[in-house]
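Q: Please take me through one part of this model, the sheet and what surrounds it. I would like the cut-offs stated along the way.

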Amino acid sequence: MTASEPWTVGVLIVDDDPLVRTGLVMMLGGAPDIRVVAQAGDGTQVLPLVDRHAPDVVLMDIRMPVMDGLAATEALRARPGAPEVIVLTTFDADDHVLRALRAGAAGFLLKDTPPDEIVTAVRQVAQGYPVLSPAVTRRLIARVADSGRDRRRTRAGDRLALLNDREREVAVALGHGRSNAEIAALLYLSVPTVKTHVSGILTKLGLNNRVQIALLVHDAGLLDDQE
């Protein structure tokens, strides 16, 4: 691609249903800035296809034979420079989505999401923004299983202790699903300063995106007194 050519978002579609894959190809094919670089019918094909085609975004189904989308997401996001992952799911798979988010997925889409919203979500994730609304973020966080809560709380608290006071305030605001602009207004900061704090938090905690920060804040119990 030359400097004069517009940047296009490369997408890998992973779903065991050929009809779903065909539908997604048609949905994305109408967008001039998006191109489907490859398709896979099982999670075992993901890593080789990513190596071959270097997509920017992977649309990942959860339920697939041999290797499901959760295992494939964990394997993919453990690698440096991995593409962003959007999980394709239904609302009855919330616990699975949480596992995918903890592995570093940038968000999720329902399979019946309108085509224009799927296109927008792909663009958004390619630019580094998760595709979870504040309401959905909080709904998913609330579904974290009760088992091991005390252990998770201690571990999360220890990790958040690495942050300074301002970073901690920003992290808690992210836990409430607030945007950068909302955090800036709440804490009397500029939006660029908020972005700097978010980047610093991600670096200090070794996380991939703001959704993982929100999950960590929830695990630490920092939202309990503010519900």
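A: Gladly; here is the sheet, then the helices across it, then one residue within it.

This is a predicted model, where local features need pLDDT of at least 70, side-chain atom pairs count only at pLDDT 80 or more, and totals for chains, interfaces and linings use all residues. Residues are numbered from 1 along each chain as its sequence is written, and side-chain values use heavy atoms, leaving out hydrogens and water.

The open sheet has 5 strands (DSSP E runs of at least two residues, numbered from the N terminus) in the order E2-E1-E3-E4-E5, with parallel pairing (at least two DSSP bridges between two strands). E2 (34-40) and E5 (107-110) are at the edges with a single partner strand each, so one side of each has no neighbour in the sheet. On average, neighbouring strands are turned by 25° against each other, direction ignored. At the E5 edge, E4 (84-89) pairs with E5 over 4 bridges, and Leu88 stands opposite Leu109 in E5.

Two helices (H or I runs of at least four residues) lie across these strands. H1 (18-29) crosses E1 (9-14), E2, E3 and E4, at about 170° to E2; H2 (46-53) crosses E1, E2 and E3, at about 145° to E2. These angles run from 0 to 180 degrees between N-to-C directions, with axes fitted to C-alpha atoms, for helices over the stretch in contact (heavy atoms within 4.5 Å).

Now zoom in on Asp61, in strand E3 (57-61). Asp61 is buried (under 20% relative accessible area, 1.4 Å probe, protein chains only), at 5%. Beyond neighbours within four places in sequence, Asp61 contacts Val14, Asp15, Asp16, Gly69, Leu88 and Lys111. The UniProt record, an unreviewed entry, places "modified residue: 4-aspartylphosphate" at Asp61; such annotations may be inferred rather than shown by experiment.

Notes. Buried < 20%, exposed > 50% of the residue type's maximum accessible area, 1.4 Å probe, protein only.
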